[in-house]
Amino acid sequence: MAINTSEFINKVDIGLKANKEFTRFYARFKLEGKVVQRVFNFIDKNWDKRTRVSKAKISLHELKESEQTLSDSITLDKISELYFDSREASNWTTELKKIYTIHIKKPLGKKKTKDIKRLHLDKLISELRKSGKSPQNTNGCSPRTIKKIIVECLKPILQYAVDNDVLNKLPKFPEIKLNREKKRVEDALNKLTLLFKTINQLYEDDPFYRALFLFALYGRRWNEIRTIEWKDIDLANNSYVIRAENNKINIDQFYDLPKPIKKVLELQMSDKNELVFKSPITCRELSSPKTQIAKIRKESNIPELTMHYFRHIFVSAISTSEHISSTMLSASLGHTSLETVNKHYLSVDHQKSSENVNQVVDTILLGENNAK
């Protein structure tokens, strides 16, 4: 039905006019050559003039948003915003948003989603190989980082665009080959016992860092350690949980609590809703314990040590035990899939497996009697 525009005599904003009483508002704008018109009627609203004008401007903005949301001109920035809003809130979603902002937004964000082709992906990858965005990758991102940016972040966003008819089909994604060479650990058993001794001596009067690095020594990932809360620790039943949002399987994983860690945690119990290892400065998750890692490297004389290298040492040392199967070890580490050690999928009990593994580790580190 045609709109009689003669009553709208007061200009309120670009594309927005009001009638004499400022109770009805006429919106008009163009989008891709198409004229969009709408009347906002606030006659029945018990608002003053200022509020009616404010509401009309908001309505105009929302109308433009709704009309433009899935149009052919929608940018990658906008479709990514819609994609992230559609995802369940989690640490992984937060990380993906950060990856998008750091690596994808500047080169591709303003581009129309429908115009993104394989050549744009190739160019982005080429730039990532030349230079990254942190001190660790100023000379170029690693293949693993590039795969996370392109395959785990950008590809699902473009698939979301396809699912909503913004993009006809996904561009063909280039293959990103990862360096699958394993980190070799020489003399792993001695390194495991040496690190246990070093951690306990270096942090004898600091239960915070002693517990943190003991978790790493027993094979936990850094993200699992820094996100664990006191409510996840069950001292009475010698167990703890890595919640779904903080692990790679996206289900709650329950583990046996090693005796040396339990002993230290009992010294620093706190509010159940607080992080066990919150930053003393920000009271939020720790970003990285680089300074402390450097101390342990120097004290233990293991220059290649990183948070993840703890896991390599742990695996290399414990895998030599005849009492531990590859399935049990993999389950203890919280692997997403057992394909790394088995060709066929096996259901696993993380808690029981980690309990068996911890018994072997405690025998090595604490001696036969103390491990019981």
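Is Cys153 buried or exposed? Cys153 counts as buried, because its relative accessibility is 1% and anything under 20% falls in that class. Keep in mind as you look around that this is a predicted model.

Let's stay with Cys153 for a moment. You'll find Cys153 in helix α5, which covers residues 143-163. Setting aside residues up to four places away in sequence, Cys153 touches Phe84, Leu96, Ile99, Tyr100, Ile104 and Lys148. Take Leu96 from that list: Cys153 and Leu96 are 57 residues apart in sequence, yet their C-alpha atoms are 5.9 Å apart in space.

Now for the aromatic rings. The model has 15 aromatic pairs. One of them is Tyr203 with Phe213: the ring centres are 5.8 Å apart and the planes meet at 20°, so this pair is stacked. Tyr203 sits in the loop between α6 (188-202) and α7 (207-217), while Phe213 belongs to helix α7, so the pair ties together parts that are ten residues apart in sequence. Both partners are tucked away: Tyr203 is buried at 3% relative accessible area, and Phe213 is buried at 0% relative accessibility.

Phe208 and Tyr209 make another aromatic pair, this time edge-to-face, with 4.9 Å from centre to centre and 85° between the planes. Phe208 is buried, with a relative accessible area of 16%, and Tyr209 is buried with a relative accessible area of 16%.

Here are those two pairs laid out:

| Pair | Centre to centre | Angle between planes | Kind |
|---|---|---|---|
| Tyr203 and Phe213 | 5.8 Å | 20° | stacked |
| Phe208 and Tyr209 | 4.9 Å | 85° | edge-to-face |

Ring pairs also link up into a cluster made of Tyr203, Phe208, Tyr209, Phe213, Phe215, Tyr240, Tyr255, Phe277 and Phe310. Tyr255 has a charged visitor too: Arg220 lies over the face of its ring, 4.0 Å from the ring centre. In a similar arrangement, Lys155 lies over the face of Phe173, at 5.4 Å from the ring centre.

What about the nonpolar cores? In soluble globular proteins, nonpolar side chains tend to be buried together. The largest nonpolar core here has 52 residues, and the members touching the most others are Leu212, Phe213, Phe215, Ile233, Leu265, Phe277 and Phe310. Helix α7 supplies the largest share of this core, with nine residues. Phe213 makes a good stop on the tour: leaving out residues up to four places away in sequence, Phe213 touches Ile199, Tyr203, Pro289, Gln292, Ile293, Ile296, Met307 and Phe310. Apart from this core lies another one, of 30 residues, including Leu82, Leu128, Val166 and Leu167.

Next, the strands. Three of them form an open sheet in the order β5-β6-β7, with antiparallel pairing. At the edges are β5 (233-234) and β7 (253-256), each pairing on one side only. Strand β6 (residues 239-242) is joined to β7 by four bridges, and the two run antiparallel. Within that pairing, Val241 has Phe254 in β7 as its bridge partner.

Last stop: where is Glu229 found? Glu229 is in the loop between α8 (222-227) and β5. Glu229 counts as buried, at 15% relative accessibility. Its side chain is joined to that of Arg243 by a polar contact of 3.5 Å. Skipping neighbours within four places in sequence, Glu229 is in contact with Arg243, Lys272, Asn273, Glu274, Leu275 and Val276.

Conventions:
Residues numbered from 1 in each chain as written. Predicted model: local features only at pLDDT ≥ 70, side-chain atom pairs only at ≥ 80, totals over all residues. Heavy atoms only, no water. Phe/Tyr/Trp six-rings, centres within 6.5 Å; stacked < 30°, edge-to-face > 60°. Buried < 20%, exposed > 50% of the residue type's maximum accessible area, 1.4 Å probe, protein only. Lys NZ or Arg CZ within 6 Å of the ring centre and 35° of its normal. Core = buried A, V, L, I, M, F, W, Y, C linked by side-chain atoms within 4.5 Å. Contact = heavy atoms within 4.5 Å. Pairing = 2+ DSSP bridges. Polar contact = N/O pair within 3.5 Å; in protein donor to acceptor, adjacent residues only side chain to side chain.
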